[in-house]
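Q: I'd like a close look at one part of this model, with the rest of the chain brought in for context. Take me through it slowly and keep it informal.

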Amino acid sequence: MFYLRWDATVFQAEQLMLSATSVILVWRRRSVLSFQASPEATGFAALFLMWNLVRRSLQPTGDILGTFSPVLVGLALAILASGFRGLGQYIKSLLCLFLSCFPVGILLRLPDVSLLDARFAHVILWYFGFDVVRDGTIVLLPKGGIHIFAGCSSIALILVLLKLIVAFYFLFQLTLAQTMKMIGLAIVTAFTVNAFRLCLLAILVAHQDWNNFEYFHSGNGVNLITTMVIVGFGIVNYQQLKANQQFL
């Protein structure tokens, strides 16, 4: 039996979309932005950018400053352009940058939805005719099974999609009804996709197909599935909104 975790996946598509949203928000307001930075603000921002460049060359990975480097650089550029008093003009863009680099792994256990994932996967396998039993978060087939932990639950994908909803909220000025509809779609999508992924992992364990198991458990298969979900979620919601709202 294998213990499933999904703790450290890098969602590049999510980061790209949120970073693009940050740039679009600034571009939209380019005609009304105030560019009046004081010498002190300019000096501070320039020194920070140089320090960050040196720090990244000496310690490229592995520290918290590196994780939040996008939002820190964005903050420095905002100060360089408009000074400390003008930071309020960039709040939405900076929030998008913060969300793009915020590690969802630290929130995976709040809440823990592993039991719901196990129940959903069990029902799917049973519906398709597999001889499957469930004991809590353990899903067992005759020749093997999986134990689902918080790190491999749907919550990671839900959090990623909720980040994208924030981007949609800023871009399209969503109503409360539209926002709630997107949140519901995100939760259903994440639970469904992850449940089928868990079913696939259980089947691969039962067939002792370790190469494909690792691919879809912690390899590039995880990133592939996640990227497809993020892009698909974005396209579907964009198509629904663009008819009556202007994107740029």
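**The paired strands, and what lies beyond them**

A: Let's start with E3 and strand E4 (residues 144-148), which run antiparallel and are joined by four bridges. Keep in mind throughout that this is a predicted model. E3 and E4 make a hairpin, with two residues between them. For the register, you can pin it down with two pairs: Ile138 sits opposite His147 in E4, and Leu140 faces Gly145 in E4.

Now go to the other partner of E3. Strand E2 (residues 133-135) is antiparallel to strand E3 (residues 138-141), and three bridges hold the pair together. Here Asp135 has Ile138 of E3 as its bridge partner. So Ile138 turns up again: it pairs with Asp135 and stands opposite His147 in E4. The hairpin of E2 and E3 also has two residues between its strands, and Gly136 there takes a positive phi near 65 degrees. If you are checking backbone torsions, Gly136 is a residue to look up in that hairpin.

What about burial in E4? Five of the five residues of E4 are buried, so this strand is largely enclosed by the rest of the structure. The directions of its residues are worth tracing too. Gly144, Ile146 and Ile148 point one way from E4, while Gly145 and His147 point the other way. Both groups are buried, so each side of the strand is covered, given that buried means under 20% relative accessible area. Two of these residues have already come up: His147 as the one opposite Ile138, and Gly145 as the one opposite Leu140.

Step back and place these strands in the chain. The secondary structure comes to ten helices and four strands. Reading from the N terminus, the order is β-α-α-α-α-α-α-β-β-β-α-α-α-α. Of the 248 residues, 42% count as buried. As for sequence range, take the contacts between residues at least 6 apart in sequence: 75% of them join residues at least 24 apart.

Moving on to some buried polar side chains among the helices, take Thr21, found in helix H1 (residues 12-28). With a relative accessible area of 5%, Thr21 is buried because the cut-off is under 20%. Its side chain has a polar atom 2.8 Å from the backbone oxygen of Met17. Leaving out residues up to four places away in sequence, Thr21 touches Cys96, Ala167 and Leu171.

Ser100, in helix H5, can be read in a similar fashion. At 4% relative accessibility, Ser100 counts as buried. A polar atom of the Ser100 side chain lies 2.6 Å from the backbone oxygen of Leu97. Apart from its neighbours within four places in sequence, Ser100 is in contact with Glu14, Gln15, Leu18 and Ser19.

On to the outside. The chain exposes about 13,500 Å², and carbon and sulfur atoms supply 67% of that. One nonpolar patch of about 720 Å² is made by Val123, Trp126, Tyr127, Phe128, Phe130 and Phe196. Helix H6 (residues 114-127) gives the patch its largest share, with three residues. Trp126 belongs to helix H6, and at 58% relative accessibility Trp126 counts as exposed, because the cut-off for that is over 50%.

Finally, here are two exposed positions with through-space partners. Arg85 lies in the loop between helix H4 (69-82) and helix H5 (91-101). The relative accessible area of Arg85 is 87%, so it is exposed. Arg85 and Ser34 are 51 residues apart along the chain, with 9.8 Å between their C-alpha atoms. Met228 is in helix H10 (residues 220-241). Met228 is exposed too, with a relative accessible area of 57%. The partner here is Ala13: Met228 and Ala13 are 215 residues apart in sequence, while their C-alpha atoms are 8.8 Å apart in space.

Methods:
Residues numbered from 1 in each chain as written. Predicted model: local features only at pLDDT ≥ 70, side-chain atom pairs only at ≥ 80, totals over all residues. Heavy atoms only, no water. Patch = residues over 30% accessible without salt bridge, like charges linked within 9 Å, V, L, I, M, F, W, Y side chains within 5 Å. Areas by Shrake-Rupley, 256 points an atom, 1.4 Å probe, with all protein chains shown as cover. Salt bridge = Lys/Arg side-chain N within 4 Å of Asp/Glu carboxyl O. Buried < 20%, exposed > 50% of the residue type's maximum accessible area, 1.4 Å probe, protein only. Polar contact = N/O pair within 3.5 Å; in protein donor to acceptor, adjacent residues only side chain to side chain. Contact = heavy atoms within 4.5 Å. Pairing = 2+ DSSP bridges.
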